[in-house]
Amino acid sequence: MFTPPLRNEIVAQARLGDLAGVKHVYDQIAQLAAEEPGWQSQECFACGVYQHMRGDLGAARAAFERCLDLTDPDRGIAYPCVTTWVAAVARYMAVL
């Protein structure tokens with residue numbers, strides 16, 4: 001009924017440097033995204049964090065670019081997730 005704050009959890013796991021923890025949360029988000037399209041931006045964000053931590057900068061860049069496309073407030077999306085967009089911008093810049 002209630003979904004845990006998974007984006008906060010993935011950020012916390014990343015700050016701890018826990019790759020296994022990030023992967024676990026990423027898998028949970030991916031499962032939700034498969035069922036609910038509204039989770040796709042969160043899945044892209046989680047994928048970017050995971051790929052960045054594993055050192056695959058190309059995959060991280062692609063994931064963050066997709067996340068930015070899905071959350072860009074200037075695209076006229078009905079309900080853009082601005083907090084995810086801001087976090088994705090910061091991580092995208094770190095990947096670059």
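A residue counts as exposed when its relative accessible area is over 50%, as buried when that area is under 20%, and as partly exposed in between. Keep these cut-offs in mind during the tour, which goes through a predicted model.

**First stop: the loop between α2 and α3**

Select Gly38, whose place is in the loop between α2 and α3. Gly38 has a relative accessibility of 63%, and because that value is over the 50% cut-off, Gly38 counts as exposed. Now add Leu70 to the selection and draw a line from C-alpha to C-alpha: Gly38 and Leu70 are 32 residues apart in sequence, and the line between them spans 9.6 Å in space.

Stay in this loop and select Pro37, which also has its place between α2 and α3, the latter being the helix of residues 40-54. Is Pro37 buried or exposed? With a relative accessible area of 57%, Pro37 is exposed. If you then select Pro4 as well, you have a pair that is 33 residues apart in sequence and 17 Å apart in space, again taken from C-alpha to C-alpha.

**Second stop: helices α1 and α2**

Select residues 6-16, which form helix α1, together with residues 19-35, which form helix α2; their axes come within 8 Å and cross at roughly 160°. Since an angle over 145 degrees counts as roughly antiparallel, α1 is roughly antiparallel to α2. The crossing in which α1 passes α2 is left-handed.

Which residues meet between these two helices? On the side of α1, show Leu6, Glu9, Ile10, Gln13 and Ala14, and on the side of α2, show Gly21, Val22, Val25, Tyr26, Gln28, Ile29 and Leu32. If you colour the residues of this contact by class, you will find eight that are nonpolar, three that are polar and one that is charged.

Within this contact, pick out Gln13, which lies in helix α1. The relative accessibility of Gln13 is 14%, so Gln13 counts as buried. To see what surrounds Gln13, leave aside the neighbours within four places in sequence, and select the residues that remain in contact with Gln13, namely Asp18, Gly21, Val22 and Val25.

**Third stop: α5 beside α1**

Keep α1 in view and add helix α5, which is made of residues 82-95; the axes of α1 and α5 come within 12 Å and cross at roughly 25°. Because angles under 35 degrees count as roughly parallel, α1 is roughly parallel to α5. Here too the crossing is described by its hand, and for α1 and α5 it is left-handed.

To display the contact itself, select Arg7, Val11 and Ala14 in α1, and then Thr83, Thr84, Ala87 and Arg91, which they meet in α5. The residues of this contact divide into three nonpolar, two polar and two charged.

**Fourth stop: α5 beside α3**

Hide α1 and show α3 next to α5, where you will see the two helices pack at an angle of about 25°, with their axes 11 Å apart. This angle makes α3 roughly parallel to α5. The hand of the crossing of α3 and α5 is left-handed.

Which residues of α3 meet α5? They are Ser41, Gln42, Phe45, Val49 and His52, and the residues they meet in α5 are Thr84, Ala87, Ala88, Arg91, Ala94 and Val95. Coloured by class, the contact of α3 with α5 shows six nonpolar, four polar and one charged residues.

**Fifth stop: the cysteines**

A disulfide is a covalent bond between the sulfur atoms of two cysteines. How many disulfides does the model have, if a pair of sulfur atoms must lie within 2.5 Å? The count comes to zero. Select Cys47, which is in no disulfide, and find the nearest cysteine sulfur, which belongs to Cys44 and is 7.1 Å away. Cys47 is buried, with a relative accessible area of 16%.

Next select Cys67, which is likewise in no disulfide; the nearest cysteine sulfur is that of Cys44, 6.0 Å away. Cys67 has a relative accessible area of 0%, and it is therefore buried.

**Last stop: Ala62 in α4**

Finally, select Ala62, which is found in helix α4, the stretch of residues 57-71. At a relative accessibility of 43%, Ala62 counts as partly exposed. Add Asp74 to end the tour: Ala62 and Asp74 are 12 residues apart in sequence, and from C-alpha to C-alpha they are 20 Å apart in space.

Definitions and conventions:
Residues are numbered from 1 along each chain as its sequence is written. This is a predicted model: local features need pLDDT of at least 70, side-chain atom pairs count only at pLDDT 80 or more; totals for chains, interfaces and linings use all residues. Side-chain values use heavy atoms; hydrogens and water are left out. Axes are lines fitted to C-alpha atoms, for helices over the stretch in contact, and angles run from 0 to 180 degrees between N-to-C directions. Helices (H or I, at least four residues) and strands (E, at least two) are DSSP runs, numbered from the N terminus. Angles under 35 degrees count as roughly parallel, over 145 as roughly antiparallel, 65 to 115 as roughly perpendicular and the rest as oblique. A crossing is left-handed if the near helix is turned anticlockwise from the far one by less than a right angle, and right-handed if clockwise. Contact means heavy atoms within 4.5 Å. Ala, Val, Leu, Ile, Met, Phe, Trp, Tyr, Cys and Pro count as nonpolar, Asp, Glu, Lys and Arg as charged, and the others, Gly among them, as polar. Buried means under 20% relative accessible area, exposed over 50%, partly exposed in between (1.4 Å probe, protein chains only). A disulfide is a pair of cysteine sulfur atoms within 2.5 Å.
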